[in-house]
Amino acid sequence: LAMGPQGGWRYRGEGCACSAYGDAEDHPGRVLLVSKKSDLVEGRGALSDEEAEAARRLDAEIWTRTERPERFSAELTHIERRDWFTKQVLLPLLSHTGALAAGDLVRLRTVGFRPDGDEVGLLLPDALAVGHLCSRAGVPGVGYFGSTVAFEIKPKSAAVPGGRALIPPRQSYKRTHSEFQQMQHYKLAKGKTETASSYEPLDLLGQGSKRGALLDLFRCPQNNLGVYIGSRRAYPGVCSLEDLEVEVGLSVDGMVAALGEALEQQQGTLDLISALQGRDPHGIDGVFRIYQGLLGRPGAFDVSEDDRECRDYVEKVGALGELPRPLALRALEDYLLAATFKDCSLILAFSEVNEEVSGRRESLIELPNAGFVNAGEVGRELFYHMLLIDTDLKHVSKIPVHYEKDQSIAKILARKSGRTSTPQKSV
């Protein structure tokens, strides 16, 4: 990466430990993902070599316990791992939605990115290139669509802890505050944001009007909303909301109306994202204990003196400690799958309906992840196409990282309420 991209590839952005490049003339309508990772175990943080190897073996055990057409290997690179997860785990769950962005593994030299590079990259459909997306879906459209405006939305987690979730006695806020709102306290305390967002994921992913949730995202986008004009990032950071309205040719209300109608049309996909976010029944406290137990860490299922006063909590910890290994592995698989969908993104790309597009209406409305919406103004119609991206597979070694952040949030909220927090120590 230090050499820089060649072959006409232009830097687009980054996420999920990858850099994204697009606009190569030889690969129109495609985006190339290049991994930034070199560690054998992702997210290993301060893990020792011995701990990292144990996490690596556990990760492989999780994903090889179920027979799939292509077997998982602990030797996969970050990019290969993502491709395996998409094709072997996610496509069976999401193929009917048409929204999942699946791609092809390529050698970087074969796409001109690095002529002497033997590393593997992932060639994906460009979520901003509406014409190419439709053509790839069987509706020829390259050249018929005009300029595009695209919105990248990170829905975040709408999951609510169920009755089986392990929640420490002094962390009852987890039943009344979404994970997103808990994270707002963390961001404020760490100086990562100056203003807390009022956005609630359930208002976007749930049934009914999306207007309130979308307005909250526009008012305080943080990293949960991005707007692109063509392939250029416009908001936030480049232009103000007022300038965006001028560039797009729509008021915020008009953009919200178009987005809201499109998302309501795609409610089936949103419901599936919500369901997958809820696949984790035990919560991070329970999953961390299971993870520690599978690695043979002492004290994985110990309960502090203060927490022993809560009988329900003690019984749940005891039950987790008695889980047979296959069920414990399944619990970690469910947690990692849920974590993917708590951190995914949706890109909705819009283009004005012209005569050529209108003439293909009957074919275009057959696409499960596309449709026609009103821009909030009489006689102004837009066509949209939606893709689900950033669906990388979290490594099991991320669990301690997630747990430590959760405990940081517990301490922040305890200080605000004047209480003390006694989290389980990470061994």
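1. Surface. The accessible surface of the chain amounts to about 19,100 Å², and 50% of this area belongs to carbon and sulfur atoms. The structure under review is a predicted model, and the values in this note should be read accordingly.

2. Burial. Of the 427 residues in the chain, 53% count as buried. The cut-off behind this figure is a relative accessible area under 20%.

3. Overall dimensions. The C-alpha trace spans about 70 × 50 × 40 Å along its principal axes. For a chain of 427 residues, a compact globule would be expected to have a radius of gyration near 22 Å; the value for this chain is 23 Å, and the two therefore agree.

4. Contacts and secondary structure. Among contacts between residues at least 6 apart in sequence, 66% join residues at least 24 apart. The chain contains 15 helices and 11 strands.

5. The six-stranded sheet. One open sheet is made of 6 strands in the order β8-β7-β6-β9-β11-β10, and its pairing is antiparallel. The edge positions are taken by β8 (232–235) and β10 (370–374); each has a single partner strand, so one side of each lacks a neighbour in the sheet. On average, neighbouring strands of this sheet are turned by 30 degrees against each other, with direction ignored. As general background, strands of a sheet pair through backbone hydrogen bonds, in either a parallel or an antiparallel manner.

6. Pairing of β6 with β9. Strand β6, residues 148–153, pairs with strand β9, residues 345–352, in the antiparallel sense over 6 bridges. Within this pair, E152 stands opposite I347 of β9.

7. Pairing of β9 with β11. Strands β9 and β11 run antiparallel and are joined by 8 bridges. Here S351 stands opposite F383 in β11.

8. Pairing of β11 with β10. The antiparallel pairing continues to the edge strand β10, which is linked to β11 over 5 bridges. In this case V373 stands opposite L382 of β11.

9. Environment of β11. How many of the 9 residues of strand β11 are buried? The count is 8 for this strand, which covers residues 381–389, so β11 is largely enclosed by the rest of the structure. In the strand order, β11 lies between β9 and β10. A general point helps when inspecting such a strand: in a regular strand, side chains alternate between the two faces of the sheet.

How values were computed:
Residues are numbered from 1 along each chain as its sequence is written. This is a predicted model: local features need pLDDT of at least 70, side-chain atom pairs count only at pLDDT 80 or more; totals for chains, interfaces and linings use all residues. Side-chain values use heavy atoms; hydrogens and water are left out. Two strands pair if DSSP finds at least two bridges between them. Helices (H or I, at least four residues) and strands (E, at least two) are DSSP runs, numbered from the N terminus. Axes are lines fitted to C-alpha atoms, for helices over the stretch in contact, and angles run from 0 to 180 degrees between N-to-C directions. The radius of gyration is taken over C-alpha atoms; the globule rule is 2.2 Å times the number of residues to the power 0.38. Buried means under 20% relative accessible area, exposed over 50%, partly exposed in between (1.4 Å probe, protein chains only). Contact means heavy atoms within 4.5 Å. Accessible areas come from the Shrake-Rupley method with a 1.4 Å probe; for residues, only the protein chains shown count as cover.
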